[in-house]
Amino acid sequence: MQSIPAAYTNMKIFWIIPFFLLQGTEAFLIKNAKFNLCLQASPINRNLLLENCNPESDFQDWSWQGDSLVNHGTQSCLSVSGADRVQTSLCASTAYTSWDCSNSLLSPLGTSQSYLVASRKGVALSDVRGLKAQWQDAADRSVCEEKTAKAGHHRYFPAALTSPQVQEHTTGNATLPPGMDQQQLEELLWFFRREDPSTWNYSVLALSLATFILGLVLLTINIMRNRKRKILMSRDAGQTPLQAELDAKKALIPVQEYRPAEPQKQEPVPQDQRPGEVMVQWKDGTVTSLYTDSSEEAL
């Protein structure tokens, strides 16, 4: 089992990741409960508009920075100018205003008789407390919940990054994330304190070793195939000159002239042999006529 400092380091890493991931999710829309229109900062001047809600518009994205409402499109703060006029101004300017939020009502910090109220002409400060003065986010939740969640977010995560002993004393006072009670939080923190990463480390080591072995096998197969290919190419290169030499030699062999066979000389017919007479040569060399015709005189 790993030591407490190592387990605590792993737990800190676990909480740091969602801490930075949640930084981009703090923006929300400010929608009026009466008109269902969203508060939008003008990109041209400091005026405030009421437009159809568009979650993709940076000029309708607001976030709580302490007690200030900051517009993401203009990077300016919601402030009060004059008796009842509301506009945006630089957060470092003298017109910078902090806001108190209670029961979906927004009022300048330090005053409790004027509220941010919507009308068909825009927004202004008034003592009306009806639906015109109630502001919600895109999920129809009070913008005050966004402020509470933001404050809890900033209190909870730094507390989770402190030492385990301090964490045990501070989790009871820190605001819990939505959907999580105190018991679940304690179980989660205890799980990450006692988690043993040995199984995960061994799994990663085994996977790395298997990948290394597979790479060696593929490299060996590739080398063997390259060698066979080179051998075949060298053989083909050796046979090609030999075949060319044989072809050249065949071309140099003279072609024998075709000479038709001479007709056999016919032996002259013996003078005493008459045409149509069949002569037979016997073994003793005597040549006689096969048929002896009787002379015509005898007939």
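Which residue forms a salt bridge with Asp137? Keep that in mind while you get your bearings; the tour comes back to it shortly.

**Before you start clicking**

What you have open is a predicted model. Try colouring it by pLDDT: the mean for the protein chain is 75, and 63% of the residues reach 70 or more. Two stretches deserve some caution. Select residues 14-25, where pLDDT stays under 50 and the model has 15 contacts beyond four places in sequence. Then select residues 156-174, again with pLDDT under 50 throughout, and with 34 such contacts.

**Stop 1: the salt bridges**

Now for that opening question. Select Arg141 and Asp137: these two form a salt bridge, with their closest N and O atoms 3.2 Å apart. Add Glu146 to the selection, since Arg141 forms a salt bridge with Glu146 too, at 3.3 Å between the closest N and O atoms. Shared partners join Asp137, Arg141 and Glu146 into one network. Switch on a surface and look at how the members sit. Arg141 is partly exposed, with a relative accessible area of 44%. Asp137 counts as buried at 3%, and Glu146 counts as buried as well, at 16%.

The structure holds four salt bridges, so there is another one to visit here. Select Lys31 and Asp140, whose side chains meet at 2.6 Å, N to O. Lys31 belongs to strand S1 (residues 31-32), while Asp140 sits in the loop between strand S12 (135-136) and helix H2 (143-160), so this pair ties together parts that are 109 residues apart in sequence. Lys31 is buried, with a relative accessible area of 11%.

**Stop 2: a charge over a ring**

Next, pick Trp64 and Lys147. Lys147 lies over the face of Trp64, at 4.8 Å from the ring centre. If you feel like hunting for aromatic pairs while you're looking at rings, you can skip it: a search of the whole structure finds zero.

**Stop 3: the nonpolar core**

Nonpolar side chains tend to be buried together in soluble globular proteins. To see the largest nonpolar core here, select Leu39, Trp62, Leu78, Trp99, Leu106, Leu116 and Trp135; of its 23 residues, these touch the most other members. Several elements each supply at least two residues of this core, including strand S2 (38-41), strand S4 (62-65), strand S10 (115-119) and H2.

Zoom in on Leu106 and show what surrounds it. Leaving out residues up to four places away in sequence, Leu106 touches Trp64, Leu69, Trp99, Asp100, Cys101, Ser114, Tyr115, Leu116, Ala133, Trp135 and Val143. You'll recognise Trp64 from the previous stop, where Lys147 lies over its face.

**Stop 4: a few loops**

Most residues other than glycine have a negative phi. Two residues here go the other way. Select Ser104, which has a positive phi of about 70°. Ser104 is in the loop between S8 and strand S9 (105-108), and is buried, with a relative accessible area of 12%. Then jump to Asn36, with a positive phi of about 55°. Asn36 lies in the loop between S1 and S2 and counts as partly exposed, at 48% relative accessibility.

Last pick: Gly82, found in the loop between S6 and strand S7 (85-89). Gly82 is exposed, with a relative accessible area of 62%. Draw a distance from its C-alpha atom to that of Leu125 and you should get 9.9 Å, for two residues 43 apart along the chain.

Methods. Residues are numbered from 1 along each chain as its sequence is written. This is a predicted model: local features need pLDDT of at least 70, side-chain atom pairs count only at pLDDT 80 or more; totals for chains, interfaces and linings use all residues. Side-chain values use heavy atoms; hydrogens and water are left out. pLDDT is the predictor's confidence in each residue, from 0 to 100. Contact means heavy atoms within 4.5 Å. Rings of Phe, Tyr and Trp (its six-membered ring) pair if their centres lie within 6.5 Å; planes under 30 degrees apart count as stacked, over 60 as edge-to-face and the rest as tilted. A charge sits over a ring if NZ of Lys or CZ of Arg is within 6 Å of the ring centre and within 35 degrees of the ring normal. Helices (H or I, at least four residues) and strands (E, at least two) are DSSP runs, numbered from the N terminus. Buried means under 20% relative accessible area, exposed over 50%, partly exposed in between (1.4 Å probe, protein chains only). A nonpolar core is a set of buried Ala, Val, Leu, Ile, Met, Phe, Trp, Tyr and Cys residues joined through side-chain atoms within 4.5 Å.
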